Amino acid sequence: MSEKGKELYEHVQQKIEALKDKDSEYAKFAEIWRLACLGKYRSYDLRYLYEDTSREYIEKYKPAIIEAKEKFVENIDEYVEKCINVMEKTNKFKVYYAKTNEEAQEAFMKELGDAKIIYKSKSLEAKDIGIMDVLKENNIEIKETDLGDVLCQLFEYEYPSFTLAPGVQFSEEEIVAKIKEKYGVELEPDPEKIVQFYRENYRPELLNDVKISLTSANAISAHDGTIFLLENEGNISLLTRAVDKHIVVAGISKIVPDEYDAFMVGKIQERITNVDAGYISVITAPSGTSDIRGTRVFGMYGAKEVVVILVDDWRTKAAKEDLFYKDMLKCISCKSCDFVCTASRAFGNVYASKYGIGGLNIVRDYIHNGIEEAVKDGLFLCTGCSNCTNWCPSGVDLAEMMKNLKKIATEKGLCPPSLKKYQEKILGGKNPFK
Ligand code: SF4
Ligand code: SF4
């Protein structure tokens, strides 16, 4: 094992040790995460929301989702071009096709102009490509709007979390204590009261003060350029309507052949998480009216401008060169692979990268930052169980990608000593138990 390998191994070991201390941030997260996984997993087969179970629903539509995603991957250039054309010419969006992260950052800063504050809702892509870092370097205030993210900001929480419920690790008592410390307001430790506090205090700001907002997209139709966004809180509805400029930052892999596929991606995401997405925004143009003598004017009550930054980065290369992480292009970010992951359940946010928990975010770290970072994220904690692959609704073979990463790491001398011993036993005596 190389010196670097030892250093990375010790880093992971330290986090595992911290997990054993029940008061550590890792242990607190792991405890709630295990419960969340169990709940999600069991709810797959319950009939409490609709007449069909989530598993039945997903099995029914899975072939169509796989087909749509594969069509996109096989014809990536054609779909990207078609989508950009229709978004610019018909939908009147301003579109940037960013080949690299730097190009995307540049486009974003140009659109931001002299604004000193941006309101956002979950844009994983913006984090992936470093837009968040650039904003911080330029002292631009980033205001989260999804309650979980708002809580993470309130606590200045720096640990990896679960993207769909990033504040799940904070108890009601901790939240009200923090609100008192920060705002001097005393609240009962009751979720209803906490939500009411934000509704009364933050909602007016979102309705009246937001000039520029940032969101991602759940899916984009290549056929008519429509952007689909799902949510349950209503913050995305405000951020896409009550603003002057709405900026969408999304990877080109959010593109699907048509609007029916895009809608299906959204519904599958909703059923997988068993959270009813109360709102689906279907955005096909900036706000406008032709009510005065048929003259089309943009910026009636909603966003005057919709800017779309489509990021390629690694994607076209992965599709064309058949790279081992090409399957990432089929991912619809439903998070099913997190709930069923044995390593994630055992190690919580120790098995995670700076992009979030779970194997998918470790692959993401590898793509952006290389194999050493993936090892540091706990790559070798992956058991190879393949639960992720078996549960994925869009045919992503995450287990195979993890296997490939382990191979790359081992070739670079980054395999942990305990596994190395197994390898020697298997290669030498053909018996791992002796
Ligand atoms: S890899 Fe599959 S299961 Fe995991 S988030 Fe993506 S689509 Fe969902
Ligand atoms: S193969 Fe690895 S990433 Fe996939 S579910 Fe199992 S432990 Fe998790």
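This passage walks through the domains, the ligand surroundings and several helix contacts of the structure shown above, which is a predicted model.

A good place to begin is with the domains. The domain assignment divides parts of the protein into domain 1, made of residues 3-43 and 335-428, and domain 2, made of residues 75-145 and 202-317. Between the C-alpha centres of the two domains there is a distance of 31 Å. Where they touch, domain 1 contributes 9 residues and domain 2 contributes 8 residues. On the side of domain 1 that touches domain 2, the elements giving two or more residues are helix H2 (25-43) and helix H17 (359-369). Of these contributions, that of H17 is the greatest, with 3 residues. By class, this side of domain 1 is evenly mixed: 3 nonpolar, 3 polar and 3 charged residues.

Helix H17 also meets another helix, H20. The axes of H17 and H20 come within 10 Å of each other and cross at roughly 45°. An angle of this kind falls neither in the roughly parallel range (under 35 degrees) nor in the roughly perpendicular one (65 to 115 degrees), and H17 and H20 are therefore oblique to each other. Their crossing is left-handed. From H17, the contact takes Gly359, Leu360, Val363 and Tyr366, while H20 brings Leu398, Met401, Met402 and Leu405. Sorted by class, the contact of H17 with H20 has 7 nonpolar residues, 1 polar residue and no charged ones.

The ligands come next, starting with ligand 2. Around ligand 2 there are 15 residues, and those that come nearest are Cys341, Gly359, Cys382, Cys385 and Cys388. Gly359 has already appeared in the contact of H17 with H20. Helix H16 (342-347), helix H19 (387-391) and helix H20 (398-411) each provide at least two residues of the shell around ligand 2. That shell holds 8 nonpolar and 7 polar residues, with no charged residue in it.

Ligand 1 has a shell of 13 residues, of which Cys331, Cys334, Cys337, Cys392 and Val396 are the closest. Here the classes are 9 nonpolar, 3 polar and 1 charged. A charged residue is thus present in the shell of ligand 1, whereas the shell of ligand 2 has none.

Two further helix pairs complete the picture. Helix H3 (residues 54-74) and helix H13 (residues 259-273) have axes that come within 10 Å and cross at roughly 145°. H3 passes H13 in a left-handed crossing. On the H3 side, the contact is made by Ser54, Tyr57, Ile58, Tyr61, Ala64, Ile65 and Ala68; on the H13 side, by Asp261, Met264, Val265, Ile268, Arg271 and Ile272. This contact of H3 with H13 contains 10 nonpolar residues, 1 polar residue and 2 charged residues.

The other pair is helix H9 (residues 172-183) and helix H10 (residues 191-201), whose axes come within 10 Å and cross at roughly 35°. The crossing of H9 and H10 is again left-handed. Glu172, Ile175, Val176 and Ile179 of H9 meet Pro191, Ile194 and Phe197 of H10. Of the residues in this contact of H9 with H10, 6 are nonpolar, none is polar and 1 is charged.

Definitions and conventions
Residues are numbered from 1 along each chain as its sequence is written. Chains are lettered from A and ligands numbered from 1 in the order in which they are written. This is a predicted model: local features need pLDDT of at least 70, side-chain atom pairs count only at pLDDT 80 or more; totals for chains, interfaces and linings use all residues. A residue is near a molecule or strand if its C-beta atom, placed from the backbone, lies within 6 Å of it. Ala, Val, Leu, Ile, Met, Phe, Trp, Tyr, Cys and Pro count as nonpolar, Asp, Glu, Lys and Arg as charged, and the others, Gly among them, as polar. Axes are lines fitted to C-alpha atoms, for helices over the stretch in contact, and angles run from 0 to 180 degrees between N-to-C directions. Helices (H or I, at least four residues) and strands (E, at least two) are DSSP runs, numbered from the N terminus. A crossing is left-handed if the near helix is turned anticlockwise from the far one by less than a right angle, and right-handed if clockwise. Two residues are in contact if their C-beta atoms, placed from the backbone, lie within 7 Å. Domain bounds come from an automatic or database domain assignment. Angles under 35 degrees count as roughly parallel, over 145 as roughly antiparallel, 65 to 115 as roughly perpendicular and the rest as oblique.
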